[in-house]
Amino acid sequence: MKLSEIRTLLNADIIFGEELLETTEVETAFASDLLSDVLAYSKPNALFITGLTNPQVIRTVEVLDLVGVVFVRGKVPQLETVELAKRRNIPLLRTKCIMFEACGRMYTAGVGASRQTVD
C-alpha cells in the first residue's frame, strides 16, 4: 500500500514529504510510544505509528530504516523533529485517530504488523 493511501485511510495531514507519498510503499507498521520497544521489536521498512514528538523519533526511524512516521492523537511534532525529518527525507503524517484506531484501519486495509509476537 502506498503512503498516500495510508494518508487517505487515516484522514491524515502531511507534515513533510508530500512528494514521497506515491513512492513510499508500506507493507508493515509498528506502533508504540516507547522507543525502546521500537528499537527492540520493529523490523526495517515498517511505518512507525506514535504519539511521541521529539527528534529521537526521527533518529530511531533512521537507525531502523523505517519508511516514515504517523503521529497519532493529533500530536504536533516539535520543530526540531520536523527539521530533522526534512534533512533525512523521512515523510511525516499526522492523524487525529488514536493509536488503536489508526492500527485497526491499517490492519483492516492489509498493512501487517512489523512483528506478530515477542519471544
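These legends go with a set of close-up views of a predicted model.

**View 1. Helix α1 and its buried side.** This close-up is about α1, which spans residues 3–10. Leu3, Ser4, Ile6 and Leu10 are the buried residues here. They take up an arc of only 155° around the helix axis, which puts them on the same side of α1. As for partners, the buried residues of α1 pack against three strands, β3 (46–50), β4 (68–71) and β5 (92–94), and also against helix α5 (99–108). Just after α1 comes asparagine 11, with a positive phi near 50°.

**View 2. Helix α5, one side in and one side out.** Met99, Ala102 and Met106 of α5 are buried. Their arc around the axis is only 70°, so they sit on the same side of α5. The background is simple helix geometry: with 3.6 residues a turn, an α-helix has residues three or four places apart pointing the same way. Turn to the face pointing away from that buried side and you find Phe100, Tyr107 and Thr108, which are exposed. The buried residues of α5 pack against α1, β2 (28–31) and β3. Following α5 is glycine 110, and its phi is positive too, near 110°.

**View 3. Where α1 meets α5.** Here the two helices are shown together. Their axes come within 10 Å and cross at roughly 125°. At an angle that is neither roughly parallel or antiparallel nor roughly perpendicular, α1 and α5 are therefore oblique to each other. The crossing of α1 and α5 is right-handed. From α1, the residues in contact are Ile6, Leu9 and Leu10, and from α5 they are Ala102, Arg105 and Met106. By class, the contact of α1 with α5 has five nonpolar residues, no polar ones and one charged one. Ile6 and Leu10 are also on the list of buried residues of α1, just as Ala102 and Met106 are on the list for α5.

**View 4. Cysteine 103 on α5.** Cysteine 103 is part of helix α5. Is cysteine 103 buried, exposed or partly exposed? Its relative accessible area is 28%, so cysteine 103 is partly exposed. Setting aside neighbours within four places in sequence, cysteine 103 is in contact with Ala31 and Ile49. Measure along the chain and cysteine 103 is 73 residues from phenylalanine 30, yet the C-alpha to C-alpha distance between them is 8.7 Å.

**View 5. Helices α3 and α4 side by side.** The axes of α3 (56–64) and α4 (residues 79–88) come within 8 Å and cross at roughly 25°. That makes α3 roughly parallel to α4, because angles under 35 degrees count that way. On the α3 side, the contact is made by Ile58, Arg59 and Glu62. On the α4 side, Glu80, Thr81, Leu84, Ala85 and Arg88 take part. Sort the residues of the contact of α3 with α4 by class and you get three nonpolar, one polar and four charged.

**View 6. Serine 42 and asparagine 45 in one loop.** The loop between α2 (35–41) and β3 holds asparagine 45, and serine 42 is found there as well. Serine 42 is buried, with a relative accessible area of 9%. What does serine 42 touch, not counting residues up to four places away in sequence? Its contacts are Phe30, Asp37, Leu64, Leu66 and Ser114. Asparagine 45, by contrast, has a relative accessible area of 44% and is partly exposed. Asparagine 45 is not a glycine, but its phi is positive all the same, at about 70°.

**View 7. Aspartate 65 after α3.** Aspartate 65 is in the loop between α3 and β4. Its phi is near 60°, a positive value in a residue other than glycine. With 48% relative accessibility, aspartate 65 counts as partly exposed.

**View 8. Glycine 112 in strand β6.** Strand β6 covers residues 112–113, and glycine 112 lies in it. Glycine 112 counts as partly exposed, at 22% relative accessibility. Leaving out residues up to four places away in sequence, glycine 112 touches Glu27, Thr28 and Ala29. Leucine 64 is 48 residues from glycine 112 along the chain, and their C-alpha atoms are separated by 17 Å.

Technical notes:
Residues are numbered from 1 along each chain as its sequence is written. This is a predicted model: local features need pLDDT of at least 70, side-chain atom pairs count only at pLDDT 80 or more; totals for chains, interfaces and linings use all residues. Side-chain values use heavy atoms; hydrogens and water are left out. Buried means under 20% relative accessible area, exposed over 50%, partly exposed in between (1.4 Å probe, protein chains only). Helices (H or I, at least four residues) and strands (E, at least two) are DSSP runs, numbered from the N terminus. The arc is that of the directions from the helix axis to the C-beta atoms. Contact means heavy atoms within 4.5 Å. Axes are lines fitted to C-alpha atoms, for helices over the stretch in contact, and angles run from 0 to 180 degrees between N-to-C directions. Angles under 35 degrees count as roughly parallel, over 145 as roughly antiparallel, 65 to 115 as roughly perpendicular and the rest as oblique. A crossing is left-handed if the near helix is turned anticlockwise from the far one by less than a right angle, and right-handed if clockwise. Ala, Val, Leu, Ile, Met, Phe, Trp, Tyr, Cys and Pro count as nonpolar, Asp, Glu, Lys and Arg as charged, and the others, Gly among them, as polar.
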